Amino acid sequence: MSTAPAHGPRDAKQPGRTPSPENTPKPVLVFDDPLDQQSADDTDRGWGERPPAGGSAGDLARFLDEKPPHHL
């Protein structure tokens, strides 16, 4: 019978070695209410709207961009 310690994962965790994925810190769990935060869908930009351009040139550009294909 041998009195030498068995080699295993404990031997890999020695100071001075490069950190392995096992030693990296895990992400912190956040228990905030997700409904308290504004999502991208809650904004006009999230729905693909552009900021108001103002003026008749901006209105014409929006009209031409959003015109349905059967109105060509």
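Which side chains meet in a salt bridge? Keep that in mind while you go through these notes on the model, which is a predicted one.

1. **The overall picture.** Start with the chain as a whole. You'll find 2 helices and 0 strands in it. Helix 1 covers 9-12, and helix 2 takes in residues 55-66. Of the 72 residues in the chain, 1% are buried. The chain exposes about 7500 Å², and 58% of that comes from carbon and sulfur atoms.

2. **The salt bridge.** Back to the opening question: the partners are Arg62 and Glu66, whose side chains meet at 3.2 Å, N to O. The structure holds 1 salt bridge, so this pair deserves a look on your screen. Both residues belong to helix 2, and because they are 4 residues apart there, about one helical turn separates them.

3. **How open are the two partners?** Arg62 has a relative accessibility of 41%, so it counts as partly exposed. Glu66 comes out at 47% relative accessible area, which makes Glu66 partly exposed too. Remember that the label "buried" is kept for residues under 20%, while "exposed" needs over 50%.

4. **A nonpolar patch.** Now turn to Leu60, Phe63 and Leu64. Together they form a nonpolar patch on the surface, with about 310 Å² of accessible area. Leu64, one of the three, sits in helix 2. With a relative accessible area of 46%, Leu64 is partly exposed.

5. **Glu49 in the loop.** Next, go to the loop between helix 1 and helix 2, where you'll find Glu49. Glu49 has a relative accessible area of 32%, so it falls in the partly exposed class. Which residues does Glu49 touch, leaving aside its neighbours within four places in sequence? Asp44 and Arg62 are its contacts on that count.

6. **Arg62 once more.** Arg62 turns up twice in these notes: it meets Glu66 in the salt bridge, and it is in contact with Glu49. Try tracing the Glu49 and Arg62 pair yourself: they lie 13 residues apart in sequence, and their C-alpha atoms are 9.9 Å apart in space.

Definitions and conventions: Residues are numbered from 1 along each chain as its sequence is written. This is a predicted model: local features need pLDDT of at least 70, side-chain atom pairs count only at pLDDT 80 or more; totals for chains, interfaces and linings use all residues. Side-chain values use heavy atoms; hydrogens and water are left out. A salt bridge is a side-chain nitrogen of Lys or Arg within 4 Å of a carboxyl oxygen of Asp or Glu. Buried means under 20% relative accessible area, exposed over 50%, partly exposed in between (1.4 Å probe, protein chains only). Patches are made of residues with over 30% relative accessible area and no salt bridge: like charges are joined within 9 Å, nonpolar side chains (Val, Leu, Ile, Met, Phe, Trp, Tyr) within 5 Å. Accessible areas come from the Shrake-Rupley method with a 1.4 Å probe; for residues, only the protein chains shown count as cover. Contact means heavy atoms within 4.5 Å.
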